[in-house]
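Q: I have a structure open and would like to talk it through. Can we start with the overall picture and then go to details?

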Amino acid sequence: MTEQHNGLASGAPRRLVGLVLPVLVFAAFAAAPALARFGPEGYILSLLTRAMIFGIAAVSLDLILGYGGMISFGHAAFLGIGAYSVGILASHGAADMALHLLVTLAASAGFALVIGAVSLRTRGVYFIMITLAFGQMLFFLAVSLAAYGGDDGMTLAARSLVAGQSLLASPRTFYYFAFACLLAAFLLCRAIVTSRFGRVLRAARENPVRTEALGFNPAAFQLAAFVIAGMLCGIAGFLLANHTEFVSPAYMTWQRSGDLIFMTVLGGAGTGIGPIVGAAVFLLLEEILSEITQHWRMIFGPLLILVVLFGRGGLIGLLGLVPRRRHG
């Protein structure tokens with residue numbers, strides 16, 4: 001009877017994370033534009049749009065980090081690929097959003113396939129170093145593109161056009177477009193994780209030898225997840241370029257990849273909604289602390305250490321929404 005009660009008690013937090021908390025987070029994002037009217041609306045919408053864009057990037061990283069156990073220090077490269085897909089096409093007069101998205105997805109998938117195929121031949125720190133090396137290669141490639149701004153980046157004349165119309169020019173419209181993309185990315189990753197594919201991916205993380213003995217190819221599932229994650233992060237890059245109307249090699253530095261890992265771990269890797277919460281908290285704290293000191297990362301470092309030490313599952317864990325595993 002006691003074991004049954006414990007099982008029900010531990011199941012309640014899981015249902016809260018899986019159902020109630022995501023509804024609350026997305027409801028808050030949906031209501032934000034109405035509340036922003038009572039303050040500096042442009043500033044609030046811009047900050048929250050940026051939070052949602054990086055939320056998509058963090059969710060994509062969580063698919064391979066939180067569920068696949070693959071720590072990529074080059075994930076921001078896909079952010080840059082998406083941004084440069086928009087910038088390069090726009091500089092040649094191709095401003096259609098459908099074309100931008102198509103090229104973004106194709107380029108991100110192609111690079112992810114190559115990077116993943118090479119990186120997944122290794123494990124642990126070697127995997128980290130190879131993804132870092134690929135990320136830096138793409139960064140220096142972007143720096144060398146003098147025709148597209150080189151190290152200085154490039155400014156976009158306008159946001160992507162939808163059927164020839166400037167529908168995304170309005171900050172409020174673009175906000176809800178980014179919101180729709182974030183919701184779609186979250187639901188897609190949730191569907192993947194709860195599917196048979198997701199169960200095999202988690203099994204490959206825990207015990208690849210046993211997974212292979214059961215008749216599955218762990219590397220194939222991990223590579224597929226790596227490609228999906230790269231494409232989702234590419235969409236975040238597409239949105240970031242349109243949001244800032246600027247493209248820069250700085251989008252794909254290893255420091256930016258570190259920020260994405262920070263966001264994912266801060267919110268709670270492998271918790272679904274955690275990376276979105278982590279991205280929002282990260283950017284809000286960055287905005288607040290940067291007004292106090294330029295060395296704001298010196299405050300962020302100890303904060304992450306405290307979250308990791310005292311909250312298994314990041315901020316979601318600190319709220320007590322991730323039940324601790326029983327040993328023995």
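A: One term to begin with: a contact means heavy atoms within 4.5 Å. Also keep in mind that this is a predicted model.

Q: OK, so what share of the contacts with a separation of 6 or more comes from residues 24 or more positions apart?
A: Such residues account for 76% of the contacts in the chain with a separation of 6 or more.

Q: How many helices and strands are there?
A: The chain has 13 helices and 2 strands.

Q: And what does the radius of gyration say about the chain?
A: For 328 residues, a compact globule would have a radius of gyration near 20 Å, and the chain has 20 Å, so the two agree. Along the principal axes, the C-alpha trace spans about 65 × 50 × 40 Å.

Q: How much of the chain is buried?
A: Buried residues make up 47% of the 328 residues. As for the outside, the chain exposes about 15700 Å², and carbon and sulfur atoms supply 68% of that area.

Q: Let's pick one helix. What span should H5 have?
A: Helix H5 covers residues 125–144, which is 20 residues. At 1.5 Å a residue the helix should span 28 Å, and its end C-alpha atoms are 29 Å apart, so the expectation and the model agree.

Q: Which residues of H5 are buried?
A: Phe 127, Ile 128, Thr 131, Phe 134, Gly 135, Gln 136, Leu 138, Phe 139 and Ala 142.

Q: What covers them?
A: The cover includes helices H3 (76–91), H4 (97–119), H9 (218–244) and H10.

Q: I clicked on Thr 253. Where is that?
A: Thr 253 sits in the loop between strand E2 (246–247) and helix H10 (254–267).

Q: Buried or exposed?
A: Buried, because its relative accessibility is 15% and the cut-off for buried is under 20%.

Q: What does Thr 253 touch?
A: Leaving out residues up to four places away in sequence, Thr 253 touches Ala 76, Gln 136 and Phe 139. Gln 136 and Phe 139 are among the buried residues of H5. A polar atom of the Thr 253 side chain also lies 3.4 Å from the backbone oxygen of Ala 250.

Q: New topic: charges. How many salt bridges does a search of the whole structure find?
A: The search finds 4 salt bridges. Side chains of opposite charge can pair when their charged atoms come close.

Q: Which residue does Arg 172 pair with?
A: Arg 172 meets Glu 41, at 2.2 Å from N to O. Arg 172 lies in helix H6 (residues 171–194) and Glu 41 in helix H2 (residues 41–65), so the pair ties together parts that are 131 residues apart in sequence.

Q: Are those two buried or exposed?
A: Neither: Arg 172 counts as partly exposed at 23% relative accessibility, and Glu 41 counts as partly exposed at 27%.

Q: And what does Glu 245 meet?
A: The side chain of Glu 245 meets that of Arg 159 in a salt bridge, at 3.8 Å from N to O. Glu 245 is in the loop between H9 and E2 and Arg 159 is in the loop between strand E1 (154–155) and H6, so this pair ties together parts that are 86 residues apart in sequence. Glu 245 is partly exposed, with a relative accessible area of 28%, whereas Arg 159 is buried, at 13%.

Q: What about Glu 206?
A: Glu 206 forms a salt bridge with Arg 205, with the closest N and O atoms 2.9 Å apart. Glu 206 is exposed, at 53% relative accessible area, while Arg 205 is partly exposed, at 30%.

Terms used. Residues are numbered from 1 along each chain as its sequence is written. This is a predicted model: local features need pLDDT of at least 70, side-chain atom pairs count only at pLDDT 80 or more; totals for chains, interfaces and linings use all residues. Side-chain values use heavy atoms; hydrogens and water are left out. Helices (H or I, at least four residues) and strands (E, at least two) are DSSP runs, numbered from the N terminus. Buried means under 20% relative accessible area, exposed over 50%, partly exposed in between (1.4 Å probe, protein chains only). A polar contact is a pair of N or O atoms within 3.5 Å; within protein, one must be able to donate a hydrogen and the other to accept it, and residues adjacent in sequence count only if both atoms are side-chain atoms. The expected span of a helix is 1.5 Å times one less than its number of residues. The radius of gyration is taken over C-alpha atoms; the globule rule is 2.2 Å times the number of residues to the power 0.38. Accessible areas come from the Shrake-Rupley method with a 1.4 Å probe; for residues, only the protein chains shown count as cover.
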